[in-house]
Amino acid sequence: MSQPLFPDSSRQDPMPPEEAEAAAAANEQDALAALQNELATLKAQNADLAEQVLRARADAENTRRRAEDDMSKARKFAVESFAEGLLPVADSLEAGLAIAEATREQLREGSEATLKQLTSALERHKVVQIAPPAGTRFDPHQHQAISMVPAAQEPNTVVTVLQKGYLIADRVLRPALVTVAAPR
């Protein structure tokens, strides 16, 4: 009988037990080495991520501190800027008071010029007057009604302004004191 050209691969000679144990031990060592490498890699990644978290926290804390400092400085210097805008008004008032023999017209002229300076300084810092003309609809957000008076105009409209109000950057600093037309 002749031998087949291709031996039957399903028939393998059994491996001696010593070789099987050695192969199993080698496989276990390879698996253990692979797991140890993976563990080392994961530990390195964990350490890197922990460092990134610490840096991110430190950056956030530094940003928060800088923002607080900036806000504090902005408040402080906003008042400083406003005060600088009022200094020329104070200078004008002092100059007017220094004139001992001022005429009535000179006092009036000086007062008007000083009021103009004050109004300009307030407007530069976004402080705007609330002085509604007669007939304007009463706005409880900007006006404070002192009384209701009988008037020929439409009810709930401003009749007179007793004291001007002021807005600062669209926020009511002081409402205008007004009288309002009573219902007929």
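## The nonpolar core

In this predicted model, the largest nonpolar core is built from six residues: Ile 130, Val 158, Leu 167, Ala 176, Val 178 and Val 180. Strand β6, covering residues 176–181, is the top contributor, putting in three residues. As background, nonpolar side chains in soluble globular proteins tend to be buried together.

Which residues does Ala 176 touch, once those up to four places away in sequence are set aside? The list is Ile 130, Pro 132, Gln 142, His 143, Gln 144, Gln 163, Lys 164 and Gly 165. Ile 130 on that list belongs to the core as well.

## His 143, next to the core

Strand β2 runs over residues 143–149, and His 143 lies in it. Is His 143 buried or exposed? With a relative accessibility of 6%, His 143 counts as buried, because the cut-off for that label is under 20%.

Leaving out neighbours within four places in sequence, His 143 is in contact with Ile 130, Pro 132, Arg 137, Phe 138, Val 158, Pro 175, Ala 176 and Val 178. Several names there should ring a bell: Ile 130, Val 158, Ala 176 and Val 178 are among the residues of the core.

## The helix α1

Now for the helices. Helix α1 takes in residues 17–98, which makes 82 residues. At 1.5 Å a residue, α1 should span 122 Å, and its end C-alpha atoms are 120 Å apart, so the two values agree.

There is a kink in α1, though: about 30 degrees at Leu 86, shortly before the proline Pro 88. Ser 81 also belongs to α1, and at 35% relative accessibility it counts as partly exposed, because that value falls between the 20% and 50% cut-offs. Ser 81 and His 125 sit 44 residues apart in sequence, but their C-alpha atoms are 8.6 Å apart in space.

## How α1 and α2 pack

Helix α2 spans residues 104–124, and it packs with α1 at an angle of about 180 degrees, the axes being 9 Å apart. Why do α1 and α2 count as roughly antiparallel? Angles over 145 degrees get that label, so the pair qualifies.

On the α1 side, the contact is made by Phe 82, Gly 85, Leu 86, Pro 88, Val 89, Ser 92 and Leu 93. From α2 come Thr 114, Gln 117, Leu 118, Ala 121, Leu 122 and Arg 124. Leu 86, where the kink lies, and Pro 88, shortly after it, are both part of this contact.

Between α1 and α2 is a loop that holds Ala 102. At 24% relative accessibility, Ala 102 counts as partly exposed. How far is Ala 102 from Lys 164? Their C-alpha atoms are separated by 29 Å, with the two positions 62 residues apart along the chain.

Arg 108 is another residue of α2, and its 58% relative accessibility makes it exposed. From Arg 108 to His 141 the C-alpha distance is 34 Å, for 33 residues along the sequence.

## Loops and positive phi angles

Two residues that are not glycines have a positive phi. Lys 126 has a phi of about 65 degrees; its place is the loop between α2 and β1, where β1 is 127–130. Asp 170 comes in at about 70 degrees and is found in the loop between β4 (165–168) and β5 (171–174).

Are these residues buried or exposed? Lys 126 has 54% relative accessibility and counts as exposed, and Asp 170, at 76%, also counts as exposed.

Pro 140 sits in the loop between β1 and β2. With a relative accessible area of 58%, Pro 140 is exposed. Its C-alpha atom is 8.6 Å from that of Pro 175, although 35 residues separate the two prolines in sequence. Pro 175 already turned up above, as one of the contacts of the buried His 143.

Methods. Residues are numbered from 1 along each chain as its sequence is written. This is a predicted model: local features need pLDDT of at least 70, side-chain atom pairs count only at pLDDT 80 or more; totals for chains, interfaces and linings use all residues. Side-chain values use heavy atoms; hydrogens and water are left out. Helices (H or I, at least four residues) and strands (E, at least two) are DSSP runs, numbered from the N terminus. The expected span of a helix is 1.5 Å times one less than its number of residues. The bend at a residue is the angle between axes fitted to the seven residues ending there and the seven starting there. A nonpolar core is a set of buried Ala, Val, Leu, Ile, Met, Phe, Trp, Tyr and Cys residues joined through side-chain atoms within 4.5 Å. Buried means under 20% relative accessible area, exposed over 50%, partly exposed in between (1.4 Å probe, protein chains only). Contact means heavy atoms within 4.5 Å. Axes are lines fitted to C-alpha atoms, for helices over the stretch in contact, and angles run from 0 to 180 degrees between N-to-C directions. Angles under 35 degrees count as roughly parallel, over 145 as roughly antiparallel, 65 to 115 as roughly perpendicular and the rest as oblique.
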